[in-house]
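Reader: Could you take me through one part of this model at close range, and then show me how the rest connects to it? I would enjoy one long, joined-up answer.

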Amino acid sequence: MQFKRRTHTCGELRETNIGETVTLNGWVNTRRDLGGLIFIDIRDRYGITQIVFEPTFNAEAHRLAKELRNEYVISVEGIVRKRPADTDNAELPTGHIDIMANKLIILNEAKTPPFPIEDEIDTHEETRLKYRYLDLRRSKLQKNLLLRHKMYMLARKYFDANDFVEVETPVLMKSTPEGARDFLVPSRLHKGKFYALPQSPQQYKQLLMISGLDKYFQIVKCFRDEDLRADRQPEFTQIDVEMSFVNQEDVFETVEGLMRLMFKEIWNKELQLPLPRLSFDEAMEKYGSDKPDLRFNLEMVTLNNVFVNTNFKVFKDQIESNGIITGLLAPGCGEYTRNQLDVLTDFVKKLGAGGLIWMRVKEDGLDAPIAKFLSDEEKLNIISKLSAKTGDLIFILSGAKLKALNIMGALRLEMARRLELIKKDAQPQLLWVTDFPLFEWDDETKRYFAMHHPFTSPRIEDVQYMESEPGKVHARAYDLVLNGSEIAGGSIRIHSAELQAKMFKALGISDEEAESKFGFLMKAFQYGAPPHGGIAFGFDRMAMIFAGESSIRDVIAFPKTASAVSLMDDCPSEVSEAQLTELYIRVRK
RNA sequence: GGGGUCGUAGUUCAGCUGGUUAGAACGCCUGCCUGUCACGCAGGAGGUCGAGGGUUCGAGUCCCUUCGGCCCCGCCA
């Protein structure tokens, strides 16, 4: 098909172009057929320009324009003209001009799209995902992809300027049993053997440090075969970073520099450095989360001290069994009805709490179902500890420490929603959470797991407890948290064979097991491993927050549904018997 | 694996206690219309009520099973 190369994009023409003969190519955004006069808005990713078809100007073009429908692909040649007085459209950057068409070519017709190509649509996501290529025509999603592109460029420029080297690591790698479920890739050349897709290039980047690359980064796809969430996809992108001869402060400095750049270039905001830090313990006690949202206050308060000598059995038991009693003040909620309180009780019960204790703060004291079990002194202390005022509502949860704090953290977020504490224009809150526990107790298997990964270095001063009290050992691990989302996480790694052996021992991994699972890495460590550490950003999540979206899918071109399916191309799908045979695979029924 | 929620026209939804031919808006089609930009006016077409089964004289509506979207818990070193 013959058509002229465009002279301008659809967002480009201004009054300075008046009188020029131009050619635009694009999609029909809307048509307004007035009979004798036809207006067509032509759209490409740069913008929208109004075309006018007038029979006295060009009868042939006008005749053909009658056939135009939404989403037809067209090429238009015409003359840029100032719009007649009072017909300007201030909404459009191109709204002071229009194009008198003297030549129209229909490059392609289009079926009526299943949903309108415009920003504010309320079409179900299912339909949008099925026709993702149409969804991506909408300027909102295009804007998100452009923002994502800008973030790639900023990251690459930043790391390059700081002497980092981008190195590609394998996508087909060895399956490692720790961590998330691997996606497996069967080998045709090796019967019964499998590659795994990387959960992250963790081992490779450590090997690159041993190789002396010194400063490495990579924008890289990672894969985890776990259940999805609004902010989790089975394949996702990391900015992976590793550095040699560094401590935690060096990593922080590097990351903070990048974040300052992103804040400036994406949001035009000055980021105050250094970033605030919270220890894991502090974050859990105050906010009930290892990724606290600091855009609002509502701090939780640990009340164990108030109840050291209590007669209330529930609290007494918790204190004796090393549990926690945590309180949350809901300002001005003292008038919550029984029904509202039941809903909130139900909310925490669904998260695994035994129940929810509530107290209305009245002029003359606390009005609560458990009031009769508490001494006057305890009541006064609750009020003062939480700085409660008349008309407030107090929540108290007790239980095993991390579990109770987690549930209260969820309630904190729920109350913030109900009280609308997160304003739309709230300043973004970025912080470090540090000093994570090195180990995490797993009740099911009755053993400790590495909270981060088994190569994470303990704090030097805690090494002495690794055998006696593993639960007490803190890691040199850290997370970067933005508005209540973890956007990056990393650690200083173990680089000594001796300490690594201690770590495996604490994890209950035998020498043989360590050898078969991580032997290649252990071996490499014997050839002069420098002290090193790093971090990895959840790029999609970061893009989501910078774009102001609430789902990661809105910053990914072709995302999968919550059940890990691509509705557009219908994958995963079955494969032919021949393919399976070649891979020595039989599907179990 | 568990909890919540949704599924009716191309789209977004309404549809009461089970009862005549399942409605509205937008979109779509046809005609009219020379300054629209949410164009206007007139007319029209369009339905596997997610699927399967059951109860009933009768099911969009009640029951059971099942599929799918979204959110959350578990899971995500």
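Author: Helix α8 (residues 313-320) lies across β13 (324-330), β14 and β16 (393-399), and runs at about 50° to β16. Helices (H or I, at least four residues) and strands (E, at least two) are DSSP runs here, numbered from the N terminus. Contact means heavy atoms within 4.5 Å. Axes are lines fitted to C-alpha atoms, for helices over the stretch in contact, and angles run from 0 to 180 degrees between N-to-C directions. A second helix, α9 (residues 338-350), also packs on the sheet, where α9 touches β14 and β16 and makes about 145° with the direction of β14.

Please keep in mind that this is a predicted model, in which local features need pLDDT of at least 70, side-chain atom pairs count only at pLDDT 80 or more, and totals for chains, interfaces and linings use all residues. Residues are numbered from 1 along each chain as its sequence is written, chains are lettered from A and ligands numbered from 1 in the order in which they are written, and side-chain values use heavy atoms, with hydrogens and water left out.

Now to the sheet under those helices. Five strands make up this open sheet, in the order β12-β13-β16-β14-β15, with antiparallel pairing; two strands pair if DSSP finds at least two bridges between them. Because β12 (300-302) and β15 (365-367) stand at the edges with a single partner strand each, one side of each is left without a neighbour in the sheet. From one strand to the next, the twist averages 30°. At the β15 edge, three bridges join β14 (residues 357-362) to β15, and the two run antiparallel. Lys362 has Gly365 in β15 as its bridge partner.

Follow the chain out of α8 and you come to the loop between α8 and β13, where Asn322 is found. Asn322 has a positive phi of about 70° although it is not a glycine. Most residues other than glycine have a negative phi, and most peptide bonds are trans. Two cis peptide bonds are worth a look as well. One joins Leu273 and Pro274, with omega about -5°, and Pro274 sits in the loop between α6 and β11. Another joins Cys571 and Pro572, with omega about 5°; Pro572 lies in the loop between α14 (539-547) and α15 (577-582).

Let us step back to the domains, whose bounds come from an automatic or database domain assignment. Chain A is divided into domain 1 (15-108), domain 2 (141-278 + 430-556) and domain 3 (296-418). The centres of domain 2 and domain 3, taken over C-alpha atoms, are 36 Å apart.

Next comes a helix pair. The axes of α7 (residues 280-287) and α11 (residues 401-418) come within 8 Å and cross at roughly 55°. The two helices are therefore oblique to each other (angles under 35 degrees count as roughly parallel, over 145 as roughly antiparallel, 65 to 115 as roughly perpendicular and the rest as oblique). In α7, the residues Phe280, Met284, Glu285, Lys286 and Tyr287 meet Lys401, Leu402, Leu405, Asn406, Gly409 and Arg412 in α11.

There is another open sheet to compare, with eight strands in the order β6-β9-β10-β22-β21-β20-β17-β11 and mixed pairing. Its edge strands, β6 (165-166) and β11 (277-279), each pair on one side only. Seven bridges join β10 (residues 235-244) to β22 (residues 532-538), and these strands run antiparallel. Helix α5 (residues 202-210) packs on this sheet, touching β9 (215-223), β10 and β22, and its direction makes about 25° with that of β10. Within the β10 and β22 pairing, Asp240 stands opposite Ala536 in β22.
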